[in-house]
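Grab a pencil and get ready for a few short exercises. Have a look at the structure first, then try each task before reading its solution.

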Amino acid sequence: MQGWMIALTVVACVILIIAVAFFAGSFIAFEKVLGRRNKPSKGDPEDYGIDIKWFDDLKDSTEVVEIKAYDGVDLRALLIKHSGERAAARVAVCQHGYSATPRSMQVQAKIFYDRGFDVLLPAARGHSISGGKYVGMAWIDRFDILRWTDKVVSVYGSSVEIALVGVSMGGASVVAAAGMNPPPQVKCLIDDCGFSSQREEYLACLKKVRLPKSLALLPLAVGVRLKLGYSIADADIVPLARNVSVPSLFIHGESDKFVPYELGVKLYEACGAADKALYSVPGAAHACAYVKDPQKYTDTVGEFIDRVF
C-alpha cells in the first residue's frame with residue numbers, strides 16, 4: 001500500500017474515533033444533566049425554610065391527581081384542598097425546580113393555602129412521582145404547566161381563578177407558560193429565581209470550566225438535539241416573557257450562584273405585563289430568598305396575592 005493511502009487510512013480512523021468519542025460524550029453529558037432525577041438534590045429542607053411537617057398535618061386533605069402530557073408522559077401532582085365552607089374557588093399551581101420535589105414548594109404553598117387557595121403541586125416530568133425519562137428544563141415543562149391549568153379548570157369549573165407559581169426551573173416554566181396564551185382563569189404568576197434561557201443557565205454553571213464555554217457546552221447541546229429534538233439556543237424564555245400580560249412578581253436573590261441574579265432581572269425586564277414587580281433580596285443564595293427574610297418574603301408575596309385577587 002502506498003504511503004499516501006496508509007496516511008489517509010490512519011487519518012480516517014482517527015476522525016472516526018474522535019466522532020464516536022464525541023457522540024458518546026454527548027449522550028453521557030445529556031444523561032448526566034437531563035436524565036431522570038430519581039433522588040432530590042442534597043441539602044436539608046430547613047436550609048430553604050421548608051417545613052415538611054406541614055404536609056403531614058394536611059395529609060387527610062391531600063390527594064394525588066394525574067394527567068397525560070402532550071407526548072404521553074404520565075404526570076402526577078399533589079392536590080391540597082380546603083373542605084366544607086372553605087372550599088376554594090382559587091387554586092395555586094406551584095411548580096418546583098430542578099432535582100427537587102413537590103414538597104420543596106412548601107413555603108409558597110402555605111402562603112397561598114393560608115389565604116384560602118387550594119394548592120396543586122405538580123411533580124415535573126423526570127422527577128419524583130411523575131413519569132418521563134428526561135428533565136424538561138422549562139422548555140418542555142411549559143406545555144405540562146398548561147395541561148395542569150386545563151386540569152384545574154376541568155375540576156373546579158370555568159369560574160376558578162389560578163395563580164402560577166414557580167421556583168428556579170419551575171419559575172422559568174410558569175413564565176413560559178404564561179406567555180403562551182394560557183386560559184383566562186390564569187390571573188397572575190410568581191417567579192422565584194427562574195432563568196432566562198437554557199443556554200444562559202448552562203453557561204452560568206460552566207463558569208469554572210477553563211475551556212471556552214461554548215465549546216464545553218457543545219456535547220450537551222448535541223445530546224439535546226439528538227435525544228429531544230430541539231436546540232438549546234432556541235430554548236429561550238425571554239420572547240415568551242414578552243407575551244405575558246397577567247400581573248407578575250419576580251423574586252431573586254442577589255447572591256444566587258446557580259441562577260445568577262442577572263438572569264432573573266432579564267426575565268423581569270422582558271416581561272410584557274403592565275403590572276409587574278421585582279423583589280430583589282440582598283445576600284440571598286439560590287432559592288433562599290425566604291430564608292434570608294421570612295417575614296418580608298411572606299408579606300411581599302401576600303400583598304401581591306391580596307392585590308391581584
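Here come three exercises, each with a worked solution.

This is a predicted model, where local features need pLDDT of at least 70, side-chain atom pairs count only at pLDDT 80 or more, and totals for chains, interfaces and linings use all residues. Residues are numbered from 1 along each chain as its sequence is written, and side-chain values use heavy atoms, with hydrogens and water left out.

**Exercise 1.** Work out whether strand S4 (residues 118-122) is enclosed or open.

Step 1: recall that buried means under 20% relative accessible area, exposed over 50%, and partly exposed in between (1.4 Å probe, protein chains only). Strands (E, at least two residues) and helices (H or I, at least four) are DSSP runs, numbered from the N terminus.
Step 2: check both faces. Asp118, Leu120 and Pro122 point one way, Val119 and Leu121 the other, and all are buried.
Step 3: conclude. Because 5 of the 5 residues are buried, S4 is largely enclosed by the rest of the structure.

**Exercise 2.** Find the strands that pair with S4.

Step 1: use the rule that two strands pair if DSSP finds at least two bridges between them.
Step 2: take strand S2 (residues 74-80), which runs antiparallel to S4 with 4 bridges. Here Leu78 has Leu121 as its bridge partner.
Step 3: take strand S3 (residues 90-95), which is parallel to S4 over 3 bridges. Val91 sits opposite Asp118.

**Exercise 3.** Place Asp47 and decide how accessible Asp47 is.

Step 1: locate Asp47 in the loop between helix H1 (3-34) and helix H2 (53-57).
Step 2: apply the cut-offs. Asp47 has 44% relative accessibility, so Asp47 counts as partly exposed.
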